[in-house]
Every structure is written in structure tokens, then in C-alpha cells.
Amino acid sequence: MIADIHTHSTFSPDGKDKLTDMIEHAISLNLDYYGVSEHFNYDYDRMHLIIDGEEVPPIDEKSYFTCIRKLQKIYKEKIFLIAGVEYGYDHDTRSQERYLQATEKYKPDFIINSVHTCLGMDCYFPHYCEGKSKEFAYNAYLYRVLESLDAPYPYDIVAHIGYCSRNATYPDPKIHYEEFSDVIDQILKKIIAKNKILEVNTSSKTAGSPFIPDIDILTRYYEMGGRNVSFASDAHLTARIAEKYDLVCNALKKIGFQQLCIPFRGKRIFISL
């Protein structure tokens, strides 16, 4: 059984391939479960965030959900297609209210909660590191992740812990558990207490590890009693769907995990590693 439940198509502003092409490729790879989680960037909207010289355009929410609900019927005999969203966390109550309204209106099959913005910028880009020590930049990000766990909308997955390291310019960009153990322990403890799912994301770029969070943090999560993990390629084009799937599954098994967790309409599906 293969499941990749964090992916994007051209419905997201940074997606590269059409949704139908993404689904067809997932089928060709023999995926059993395929989750689409298009970006809802209400944090960007509030800050009028400029990326590559332009404001990031909003998703056409209605078109996305109209399309994917139809595709769920079309492909139901070929793949278990899950219609999800990725909410970019924002501390501002106006953004949080918009996420709550979107949840009620579209009733996504699952919700990914992500931190993309920190200190007034998207911390994915190298300029996030400019003029900041690694300790300061990463602590700011990690404490934002901790804050995001109390988001009022009913999210299922905590995404890509280590997002700020993907394009970091530090000599050692990896988030080492031992360097940030205090805040990481708080994050993991709250994920477990809230019964959320910790995502293992293979879009690590130059983060210093093949997936984020890395083995040291995943091991600590397991030691603390965490068992709910999901696999995410975070693919924005067909070529990356299910990338490093076997690598992640083998790493998780060595730690002690026995299954992946797939959220679907308030319930959970478990598949063996």
C-alpha cells in the first residue's frame, strides 16, 4: 500500500502540473491513496506578501473543490483520491476566521496545518536567514510552529517541521534536535496531546537531511509516545509524487513505527509500513 497525501497542482499558485496529470501519474505509480492539498494562503493575503516581485494570487477555491469532487467520482475505481487543503497558519484572528469559514463551506476531507510565514516573511527563502543567527531564525520559526498547534480550525496534520531550513544559507542548515530540544519537545508533546498527525516531508531541498523532520526528531517523537505519522512528497509536479517513499518507510520502521496514518473525513486509515 502506498500513500502520498500532501501534493499540489496548478490550482495552487506554485503548482506546475494540472490536477488530472498529477492523479494519472499517481495511478501509474500504483499509489493506493493520493491526497491533494492545495494552498489556501490567507496568511499571504493578509500581509500582501510579495514573492518574485508580485503578490501571490489566491486560489480559486470554488473551482478547485468543484473539480476535485468530480474527479473523486471519475477515479473512484482506480485510486482513493482525497480532497484536502493546506492552510498557512496566521496568528491574526481574521485569517483564522477565514479558514474556519472555508472549512465549513467546502468541508475538505482533511486539513494540513503549515507554517510558511514568520517574522513578516515567507521563511522558505534564503533572505529569511539574512542578518540572523541560526539560533534566532530557527527558534522564531519553531515557536511559531508551537503557536500554530492551537489553531482554531480542525486540522489533521502538522506539516513539514523544518520548512525554514529548506533554503537556509547557514553552513549546517539542518535543525538538530539537540540544538532546539526545549521547543521541539513542546511541539511534539502538544502534537501527541492533541492527537494530531506528524508529517514526514521529502521536499527537503538543502535542509541537510533527506526528509523533514529528520530521524533525530522522529525518534524523539516515538520515544514520547507519538505513533501517528503521514508521508508527504509535497510534490508540485508529477515527477516528485511519492519521491523517497521507500526511504522514509524504511527509516520509520527502524525507529519502531509500524504504520502510516491517513486522515479522511474525521476518521483515520492506517496502512502498514
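Glu-147 is partly exposed, at a relative accessible area of 33% (buried means under 20% relative accessible area, exposed over 50%, and partly exposed in between, with a 1.4 Å probe and protein chains only). The model is a predicted one, in which local features need pLDDT of at least 70 and side-chain atom pairs count only at pLDDT 80 or more, while totals for chains, interfaces and linings use all residues. Residues are numbered from 1 along each chain as its sequence is written, and side-chain values use heavy atoms, with hydrogens and water left out.

The partner of Glu-147 is Arg-144, and their side chains form a salt bridge with an N to O distance of 3.9 Å (a side-chain nitrogen of Lys or Arg within 4 Å of a carboxyl oxygen of Asp or Glu). Both residues belong to helix H5 (residues 134–148), where they sit three residues apart, about one turn of the helix; helices (H or I, at least four residues) and strands (E, at least two) are DSSP runs, numbered from the N terminus. Arg-144 counts as buried, with 17% relative accessibility. In total, the structure has 15 salt bridges.

A second pair, Arg-69 and Asp-109, brings its closest N and O atoms to 3.0 Å in a salt bridge. This contact links distant parts of the chain, 40 residues apart: Arg-69 is in helix H3 (residues 61–74), and Asp-109 is in the loop between helix H4 (93–106) and strand E6 (110–114). Arg-69 is partly exposed at 24% relative accessibility, whereas Asp-109 is buried at 2%. Arg-265 joins these two residues in a network of salt bridges.

What, then, lies at the other end of the salt bridge formed by Asp-214? The side chain it meets is that of Lys-174, at 2.9 Å from N to O. Asp-214 lies in the loop between strand E10 (197–201) and helix H7 (215–223), and Lys-174 in the loop between strand E9 (157–158) and helix H6 (181–193), so the salt bridge ties together parts that are 40 residues apart in sequence. Both Asp-214 and Lys-174 are buried.

Asp-214 and Lys-174 also appear in the lining of the largest cavity, alongside Ile-161, Gly-162, Ser-165, Ile-175, Ala-207, Ser-209, Ile-212, Pro-213 and Ile-217. On a 1 Å grid over the protein atoms alone, a cavity is a set of points where a 1.4 Å probe fits but cannot get out, and a pocket is an open set with protein on both sides within 12 Å along at least five of seven lines; lining residues have an atom within 4 Å of a point. The largest cavity holds about 60 Å³ of space, and three cavities of 30 Å³ or more are found. Its lining comprises six nonpolar, three polar and two charged residues.

The largest pocket has a volume of about 630 Å³. Of the 25 residues that line this pocket, Asp-14, His-39, Tyr-124, Phe-125 and His-236 lie nearest its centre. The lining of the pocket divides into nine nonpolar, six polar and 10 charged residues.

Finally, the cysteines: the count of disulfides is zero, a disulfide being a pair of cysteine sulfur atoms within 2.5 Å. Cys-123 is buried, at 1% relative accessible area, and its sulfur is 5.5 Å from the closest cysteine sulfur, in Cys-164, too far for a bond. Cys-249 is likewise in no disulfide, the nearest cysteine sulfur being that of Cys-261, 14 Å away. At 5% relative accessibility, Cys-249 is buried.

Conventions:
Points joined across faces, edges and corners; volume = space filled by probe spheres on them. Nonpolar A, V, L, I, M, F, W, Y, C, P; charged D, E, K, R; others polar.
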